[in-house]
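Let's take a walk through this model, going from one part of the chain to the next. Keep the viewer open and follow along.

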Amino acid sequence: MSQDKIDIKDVTPKTFNPKTHKTQGDRFNPSNRIYVRESKGTYQLLRRYGGWFLLLLFALIPWIPFGERQAILLDIGNQQFNFFGTTLYPQDLTLLATLLVIAAFGLFFITTFLGRVWCGYLCPQTVWTFIYIWFEEKLEGNANKRRKQDSGKLTRSLVLRKSLKHLAWFAIALATGFTFTGYFVPIRELVVEFFTFESSFWPVFWVMFFAICTYGNAGWMRSIMCIHMCPYARFQSAMFDKDTFIVGYDSKRGEARGPRSRKADHKALGLGDCIDCNLCVQVCPTGIDIRDGLQYECINCGACIDACDQTMDKMGYEKGLISYTTEHRLSGKSTKVMRPKLLGYGAVLLLITGLFFIQIASVDPAGMNVLRDRSQLYRENSSGEIENTYTLKIINKTQQTQQYQLSVTGLEDVSWYGKNTVTVAPGEVLTLPMSLGMQADNLSSPVSTIQFILSDSEQFTLSVESRFIKKL
């Protein structure tokens with residue numbers, strides 16, 4: 001396996017200067033701002049439509065009603081997690097753990113196969129960053145214009161446009177804060193109470209917290225989050241091999257690079273297909289030069305591919321100088337897609353996904369706990385019976401009001417003192433005190449094992465074990 005690992009490259013951090021067409025400075029320095037040039041093409045359309053789809057899904061889900069509440073509500077305060085027609089409680093959180101394991105192995109599988117496509121296409125940091133860049137372009141101009149404006153004097157017009165940009169940024173951030181908090185607090189009440197100043201401290205705190213984080217991450221930090229703070233970029237190398245699809249530059253075809261006219265025979269001039277236009281650097285959201293080789297800062301967004309393909313098309317050259325490829329393919333070898341590591345991740349992913357659905361299918365629509373009265377193990381009532389007292393806690397996990405019937409097995413001729421038919425509202429935890437009575441002569445042992453039975457009209461039955469203690 002060691003020979004399949006990607007060779008380590010010593011790449012000096014650089015920042016491209018479009019005026020001199022040279023590299024200078026340290027692109028890891030947060031003060032060196034990256035002016036991302038707009039890129040158009042197949043992969044950018046795919047990234048844009050995928051991002052908008054997930055963004056709309058994220059924004060609309062909290063507003064979808066289901067019964068008497070919103071479809072998805074993670075009510076931490078009441079320890080209820082509502083997913084459409086199902087309500088989960090803390091004892092069901094093994095489902096969440098399994099779901100997180102599925103997400104982890106899904107990420108491992110995709111990364112081994114297609115590299116950091118999650119980062120380039122679906123990561124919230126990338127989606128929000130490109131939204132903020134879009135507003136930047138519309139209000140302040142393209143990358144070259146923004147760079148020139150920021151290096152010159154601050155005019156009244158520029159102040160106005162920058163103010164509008166930051167207002168738009170904060171409006172998006174505030175909407176994001178409302179939406180994210182709306183998964184944990186009923187969003188309709190949250191919005192109304194927030195703007196009527198009737199909301200309590202914590203909902204307001206979390207809305208503003210997530211708004212400020214969104215504004216800072218997508219507006220100011222951007223590539224700093226990907227390069228310095230995101231742990232995914234650091235451990236992805238453990239999943240990469242020479243058959244992983246990455247954004248790669250074909251140096252054999254591109255070198256030696258250099259400018260030339262469209263009509264020139266660049267082969268006769270000793271030049272490769274790369275005209276050294278540096279568009280691949282200008283459109284990169286993390287400011288790297290893909291021609292330096294694979295770097296962990298590359299998020300596989302494909303912006304450099306689209307920019308280079310357009311240049312190749314204008315020059316009359318074959319597209320694909322920069323493409324989604326593998327290290328083996330770049331070195332002239334064949335790529336093995338079905339390899340042991342990828343198959344292993346896939347097998348584990350399928351196994352855990354199957355286990356997850358089995359867990360979902362086994363989730364009961366109701367729950368019941370039985371608590372014995374520990375202050376008095378038993379007593380003799382006025383009928384001469386040995387009486388044990390219990391407290392039943394019944395949880396309705398469905399989204400409809402349910403009527404349950406209660407009974408007990410394990411004892412004959414038992415007397416039931418209390419309600420044996422109860423009505424429980426959706427998500428309600430009903431506390432029901434009750435007692436069981438038995439004639440001492442009918443009890444063969446000091447401690448008898450009994451079963452409390454909970455059933456509904458839809459043939460659901462739940463059994464909980466307890467004990468009946470007689471007078472010693």
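A cut-off first: a residue counts as buried when its relative accessible area is under 20%, as exposed when that value is over 50%, and as partly exposed in between. With that in hand, look at Gly254, which has a relative accessible area of 0% and is therefore buried. Bear in mind that what you are looking at is a predicted model.

Gly254 sits in helix α11, which covers residues 251-254. Who are its neighbours? Skipping those within four places in sequence, Gly254 is in contact with Tyr249, Gly272, Asp273, Cys274 and Leu321. Take Cys274 from that list: it is 20 residues away from Gly254 in sequence, yet the two C-alpha atoms are 4.6 Å apart.

Step along the chain and you hit a backbone feature worth checking in your own tools. The peptide bond between Glu255 and Ala256 is cis, with omega at about -5°. Ala256 belongs to the loop that runs between α11 and α12, the latter being residues 279-282. That loop between α11 and α12 also holds Asp276, which has a positive phi of about 60° despite not being a glycine. Is Asp276 buried or exposed, or something in between? Its relative accessibility is 26%, so Asp276 counts as partly exposed.

Asn300 shows a positive phi too: the angle is near 60°, and again the residue is something other than glycine. You'll find Asn300 in the loop between α12 and α13 (303-315). Here the relative accessibility is 2%, so Asn300 counts as buried.

Now zoom out to the domains. The domain assignment splits the protein chain into domain 1, made of 8-15 plus 22-363, and domain 2, which spans 366-469. How far apart are the centres of domain 1 and domain 2? Taken over C-alpha atoms, they are separated by 55 Å. As for where they touch, 11 residues of domain 1 are in contact with 8 residues of domain 2.

Next, the nonpolar interior. In soluble globular proteins, nonpolar side chains tend to be buried together. In this model the largest nonpolar core has 26 residues, and the ones with the most contacts inside it are Tyr390, Ile394, Phe452 and Phe468. Several strands feed this core with at least two residues each: β10 (366-372), β12 (386-396), β13 (402-409), β15 (421-424), β16 (429-438), β17 (447-455) and β18 (461-469). Which strand gives the largest share? That is β16, with 5 residues.

Ile394 makes a good anchor for exploring this core. Leaving out neighbours within four places in sequence, its contacts include Met368, Tyr404, Leu406, Val422, Val424, Leu430 and Leu454. A separate core of 21 residues lies apart from this one, with Ile275, Ile288, Ile290 and Leu321 among its members. You've already met Leu321, as one of the contacts of Gly254.

Finish on the outside. Phe53, Leu54, Leu57, Trp118 and Leu122 make up a nonpolar patch on the surface, and together they have about 440 Å² of accessible area. Helices α1 (42-60) and α3 (117-122) each contribute at least two residues to the patch, with the largest share, 3 residues, coming from α1. Phe53 is a residue of α1, and its relative accessible area of 53% is why Phe53 counts as exposed.

How values were computed. Residues are numbered from 1 along each chain as its sequence is written. This is a predicted model: local features need pLDDT of at least 70, side-chain atom pairs count only at pLDDT 80 or more; totals for chains, interfaces and linings use all residues. Side-chain values use heavy atoms; hydrogens and water are left out. A nonpolar core is a set of buried Ala, Val, Leu, Ile, Met, Phe, Trp, Tyr and Cys residues joined through side-chain atoms within 4.5 Å. Buried means under 20% relative accessible area, exposed over 50%, partly exposed in between (1.4 Å probe, protein chains only). Helices (H or I, at least four residues) and strands (E, at least two) are DSSP runs, numbered from the N terminus. Contact means heavy atoms within 4.5 Å. Patches are made of residues with over 30% relative accessible area and no salt bridge: like charges are joined within 9 Å, nonpolar side chains (Val, Leu, Ile, Met, Phe, Trp, Tyr) within 5 Å. Accessible areas come from the Shrake-Rupley method with a 1.4 Å probe; for residues, only the protein chains shown count as cover. A salt bridge is a side-chain nitrogen of Lys or Arg within 4 Å of a carboxyl oxygen of Asp or Glu. Domain bounds come from an automatic or database domain assignment.
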